Amino acid sequence: MKKRAGRGTSFLFLFLLSLLPLHAQTSPKHEVRAAWITAVYGLDWPRTKATTPAGIRRQKEELIDILDRLKEANFNTVLFQTRTRGDVLYRSDIEPFNSILTGKVGGDPGYDPLAFAIEECHKRGMECHAWMVTIPLGGKRHVASLGKQSVTKRQRDICVPYKNEYFLNPGHPATKEYLMKLVREVVSRYDVDGVHFDYLRYPENAPRFPDSYDFRRYGKGRSLAQWRRDNLTDIVRYIYNGVKAMKPWVKVSTCPVGKYRDTSRYSSKGWNAFFTVYQDPQGWLGEGIQDQIYPMMYFRGNGFYPFALDWQEQSNGRHIVPGLGIYFLHPDEGNWTSEEVERQIHFIRANHLAGEAHYRVKYLMDNTQEVYDILREQFYQYPALQPPMPWIDNAAPTAPSELNVASTGDGYTRLSWKVATDNDRQNAPMYIIYASDTYPVDITNPENILVQNLRDTHYTYAPIRPWMARKYFAVTAVDRCGNESEACR
């Protein structure tokens with residue numbers, strides 16, 4: 001009989017957690033700080049339709065406003081919704097534009113939203129990951145609205161109806177080919193930093209999901225549950241290997257259900273990735289076919305802490321980035337207080353997880369229960385660099401050289417340096433600038449990070465106030481796998 005932790009143990013666990021200090025810890029130098037920007041139904045963006053030049057301009061400005069505020073709060077990762085349910089937010093040869101952009105299915109907004117988001121993120125030193133919903137295709141009304149452009153019409157053999165919705169069928173071998181076509185469009189055409197997969201799972205508790213024909217044909221003696229898990233794993237493996245063959249530095253991640261399965265510390269109480277939706281994300285980590293996992297940990301107390309530890313313990317050195325349910329701070333969604341989020345971030349840092357992601361960006365922009373201010377002023381007071389990916393590449397670029405620092409006479413300081421080189425022939429190194437009032441500049445201290453992921457070999461430093469100007473500078477080179485060089489001072 002499996003032994004479970006007793007109630008006394010779980011209460012003691014929560015009691016100890018409650019003693020964690022609510023003042024901010026020392027900020028780590030490397031940490032993923034991500035936010036999901038949700039386009040479906042215009043939940044986060046956009047609010048304006050791009051049907052006129054003024055509408056296009058306003059739609060872009062809305063996204064710029066979001067990115068500016070994320071940058072101000074030292075976020076470094078944007079999960080930008082790129083595919084919703086059988087429609088997309090980029091110029092695709094496969095699926096139509098989402099109607100949220102123009103009010104019309106397939107309506108061209110007059111610009112490419114994904115290209116624009118990437119460009120604006122990179123201007124701010126932030127990564128942009130293409131967030132793609134995979135298996136669900138939407139309800140009957142939505143699918144009908146797509147007409148002949150719907151995958152249910154173009155490749156009906158890989159689509160199945162279930163409970164008034166349509167889904168790609170993970171059990172059909174051609175499904176992974178179709179998804180890879182979409183991923184190949186995004187990765188080959190755009191300078192994305194990552195591809196991030198959502199709903200890469202079966203509908204929850206779906207014993208009657210219509211895949212019995214495929215199971216009889218391809219099951220090969222496995223149980224239905226194991227066959228379904230293997231189908232999803234096969235998709236993940238196929239896409240991961242396909243992305244790495246094109247651009248090894250592009251991060252591949254998934255946001256699975258937040259509890260993998262029961263742990264030795266606590267029960268998942270019947271809701272988990274492994275049994276409920278047939279995901280095996282810890283298996284993906286163990287096989288090395290994920291770079292990052294963003295488990296949707298929209299829980300409190302014993303629903304969060306033991307499962308966060310479980311993810312980290314089974315990470316195989318990959319990045320575990322818990323998704324935090326900040327939407328529960330809104331009174332219409334739940335009864336969380338901001339202290340819940342603070343404790344979860346403390347726990348993430350104390351246990352050396354790679355960072356956290358916030359669902360959704362609207363609640364950051366609305367500063368719900370002052371969560372944006374808390375992050376900006378306490379937890380994200382200083383910038384943070386992306387954690388490295390040594391399993392892809394662990395060789396740092398050469399250091400930049402001949403740093404020149406010159407005053408322009410109007411309160412600005414002009415920095416320039418000679419280029420660094422890297423073993424990655426497809427990407428020139430980027431640069432990180434550090435500044436301090438003491439010499440030599442301590443590049444281990446995130447408080448000294450002035451600029452990150454700069455793609456030029458020059459920079460004009462303009463202090464907010466003249467008396468706040470820093471005196472000394474250092475520059476390092478960094479590659480797209482997060483390997484940082486020695487400093488040039």
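In the predicted model, Lys269 is exposed, because its relative accessibility of 60% lies over the 50% required for that class. This residue is placed in the loop that runs between β8 (251-254) and α9 (273-276), and its phi is positive, at about 55 degrees, although Lys269 is not a glycine. A positive phi is likewise found at Tyr199, another residue other than glycine, where the angle is near 50 degrees. Tyr199 belongs to the loop between β7 (194-198) and α7 (212-218), and with a relative accessibility of 30% it counts as partly exposed, since that class spans the range between 20% and 50%.

Two cis peptide bonds may be described alongside these backbone angles. One of them joins Tyr359 and Arg360, with omega at about 5 degrees, and Arg360 itself is found in the loop between β13 (355-358) and α13 (361-365). The other leads from Tyr439 to Pro440, with omega near 0 degrees; here Pro440 is located in the loop that connects β16 (430-436) with β17 (449-454).

Among the elements of regular structure, three strands form an open sheet in the order β14-β15-β18, and their pairing is antiparallel. The edges of this sheet are occupied by β14 (401-407) and β18 (458-461), each of which has a single partner strand, so that one side of each remains without a neighbour in the sheet. From one strand to the next, the twist averages 15 degrees. In general, the strands of a sheet pair through backbone hydrogen bonds, in either a parallel or an antiparallel sense. In the present case, β15 (residues 413-418) and β18 are paired in the antiparallel sense over 4 bridges, and Leu415 has Tyr459 of β18 as its bridge partner.

Turning to charged side chains, the structure contains 29 salt bridges. Side chains of opposite charge can pair when their charged atoms come close. Glu61 and Arg58 form one such salt bridge, in which the closest N and O atoms are 3.3 Å apart. Both residues lie in helix α2 (residues 53-72), and because they are 3 residues apart there, they are separated by about one helical turn. Neither side of this pair is classed as buried, since Glu61 is partly exposed with a relative accessible area of 33%, and Arg58 is also partly exposed, with a value of 30%.

A salt bridge is also formed between Asp230 and Arg222, with 2.9 Å between the closest N and O atoms. Asp230 has a relative accessible area of 26% and is therefore partly exposed, and Arg222, at 30% relative accessibility, counts as partly exposed as well.

For Arg124 and Glu120, whose side chains meet in a salt bridge with an N to O distance of 2.8 Å, the setting is a buried one, as both Arg124 and Glu120 are assigned to that class, which means that each has a relative accessible area under 20%. These two residues are, in addition, members of a network of salt bridges that links Asp68, Glu120, Lys123 and Arg124.

Methods:
Residues are numbered from 1 along each chain as its sequence is written. This is a predicted model: local features need pLDDT of at least 70, side-chain atom pairs count only at pLDDT 80 or more; totals for chains, interfaces and linings use all residues. Side-chain values use heavy atoms; hydrogens and water are left out. Two strands pair if DSSP finds at least two bridges between them. Helices (H or I, at least four residues) and strands (E, at least two) are DSSP runs, numbered from the N terminus. Axes are lines fitted to C-alpha atoms, for helices over the stretch in contact, and angles run from 0 to 180 degrees between N-to-C directions. A salt bridge is a side-chain nitrogen of Lys or Arg within 4 Å of a carboxyl oxygen of Asp or Glu. Buried means under 20% relative accessible area, exposed over 50%, partly exposed in between (1.4 Å probe, protein chains only).
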